[in-house]
Amino acid sequence: MKPRVAFFDFSCCEGCQLCAIDLTTEQLLDLLAVVDIVEFREAISDKSDQYDIAIVEGSITRDSDIPRLQKIRDTAKIVVALGACSMICGINALKNFQTKEEYQKDVYPEDPTKYETTTARAINEIVKVDAFIPGCPIDTYEFLRVVKNLVLGKNPDIPEYPVCVECKRNENICVYEKGIQCLGPVIRAGCNARCPSNGGYCFGCRGIIPEPNLHSQQDIMQKYNLTFAQMLEKFKLFLQRNKEVFPDGK
Ligand code: SF4
Ligand code: SF4
Ligand code: SF4
């Protein structure tokens, strides 16, 4: 029997699930050759309480989300965090820079306490996560590779080196030469340096690498007359749940 895969979502824009179904016919057949998809709200109406791999998108932003997430964890053999919201809290972490009273009032000024809400958290702050697929949004090819590797019992094969490696491979001129800050030296590669290769800069959506060389990032900032504090302010969206960078993060 093929492993059964179910998709679940919490607070997010569901863009990562859209990427996951943005497969070519050939890729979809490739995927369906190795798994049975038993629940995927964006693609099929079937539901199931029995699955082997749970792919979970979104952050936990309500206490009432927790029992549902725990049930998913209890049922699945493998839990995969899909995308930045699930893996590192992503854009949902923005609310954590405000007090509860402030964000309730900002979002629902007419009736601030109408909806349940609390501090946003990544799913690994609540349950054990076995694998993750980084990015905001994820990369469809990486999604396919990770799922196939998990089914085969192999390492998901997510890069642990920084975006700069791919950026240099693409022969880009470093954006620091243009006076622009970039998180490439400390952010996980795997996106083929998508942003600096297309006129932008890395803002950290794939999360920080294990054992990042923050001193090296600091040295680069100093070389270009930029401060580390400026960088933290600019990039707190995707870094703020990272205790190594923001030890006092909420
Ligand atoms: S990680 Fe980005 S694209 Fe994915 S669900 Fe969250 S906000 Fe949407
Ligand atoms: S542009 Fe960013 S990712 Fe590219 S080499 Fe410079 S710091 Fe690294
Ligand atoms: S370059 Fe940085 S911000 Fe852009 S997709 Fe890659 S990790 Fe995300």
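1. The protein chain is assigned two domains, domain 1 covering 4–151 and domain 2 covering 163–239. The model is a predicted one, and the points below should be read with that in mind. The centres of domain 1 and domain 2, taken over C-alpha atoms, lie 26 Å apart. Their contact draws 12 residues from domain 1 and eight residues from domain 2.

2. On the side of domain 1 that touches domain 2, helix H4 (residues 83–88) is the element that gives the most, with three residues. By class, that side of domain 1 is made up of eight nonpolar, two polar and two charged residues.

3. H4 appears again at ligand 1. There are 13 residues around this ligand, and the nearest are Cys 12, Gly 15, Gly 83, Cys 85 and Cys 136. Two or more residues of the shell come from each of helix H1 (15–21) and H4. Of the elements, H4 gives the most to the shell, with three residues. The shell around ligand 1 divides into eight nonpolar, three polar and two charged residues.

4. Cys 136, one of the residues that come nearest to ligand 1, also takes part in a cis peptide bond. The bond runs from Cys 136 to Pro 137 and has omega near 0 degrees. Pro 137 sits in the loop between S5 and H6. For background, most peptide bonds are trans.

5. Helix H6 (residues 140–151) follows that loop. H6 has 12 residues and spans 17 Å from its first C-alpha to its last, close to the 16 Å expected at 1.5 Å a residue. Its buried residues are Glu 142, Phe 143, Val 146, Val 147 and Leu 150. Seen down the axis of H6, these buried residues fall within an arc of 130 degrees, so they line one face of the helix. They pack against H1, helix H2 (25–32), strand S3 (53–57), strand S4 (78–82) and strand S5 (131–133). Just after H6, Gly 153 has a positive phi of about 75 degrees.

6. Ligand 2 is surrounded by 15 residues, of which Cys 164, Cys 167, Cys 174, Cys 182 and Gly 184 are the closest. Its shell contains 12 nonpolar, two polar and one charged residues.

7. Around ligand 3 are Val 163, Ile 187, Cys 191, Ala 193, Arg 194, Cys 195, Cys 202, Phe 203, Gly 204, Cys 205 and Arg 206. Sorted by class, this shell has eight nonpolar, one polar and two charged residues.

8. Two glutamates deserve a check of their backbone angles. Most residues other than glycine have a negative phi. Glu 171 is not a glycine, yet has a positive phi of about 60 degrees. Glu 211, also a residue other than glycine, has a positive phi near 50 degrees.

9. Where do these glutamates lie? Glu 171 is in the loop between H7 and H8, and Glu 211 is found in the loop between helix H7 (163–169) and helix H8 (214–223). Glu 171 counts as exposed because it has 7 C-beta neighbours inside 10 Å, and the cut-off for exposed is 12 or fewer. Glu 211 counts as exposed because it has 9 C-beta neighbours inside 10 Å. From C-alpha to C-alpha, Glu 211 is 23 Å from Val 175 in space, with their positions 36 residues apart in sequence.

Conventions. Residues numbered from 1 in each chain as written. Chains lettered and ligands numbered in written order. Predicted model: local features only at pLDDT ≥ 70, side-chain atom pairs only at ≥ 80, totals over all residues. Near = placed C-beta within 6 Å. Nonpolar A, V, L, I, M, F, W, Y, C, P; charged D, E, K, R; others polar. Domains from an automatic or database assignment. Contact = placed C-beta atoms within 7 Å. Helix = DSSP H or I, 4+ residues; strand = E, 2+ residues; numbered from the N terminus. Buried ≥ 20, exposed ≤ 12 C-beta atoms within 10 Å, placed from the backbone. Expected span 1.5 Å × (residues − 1). Arc of directions from axis to C-beta.
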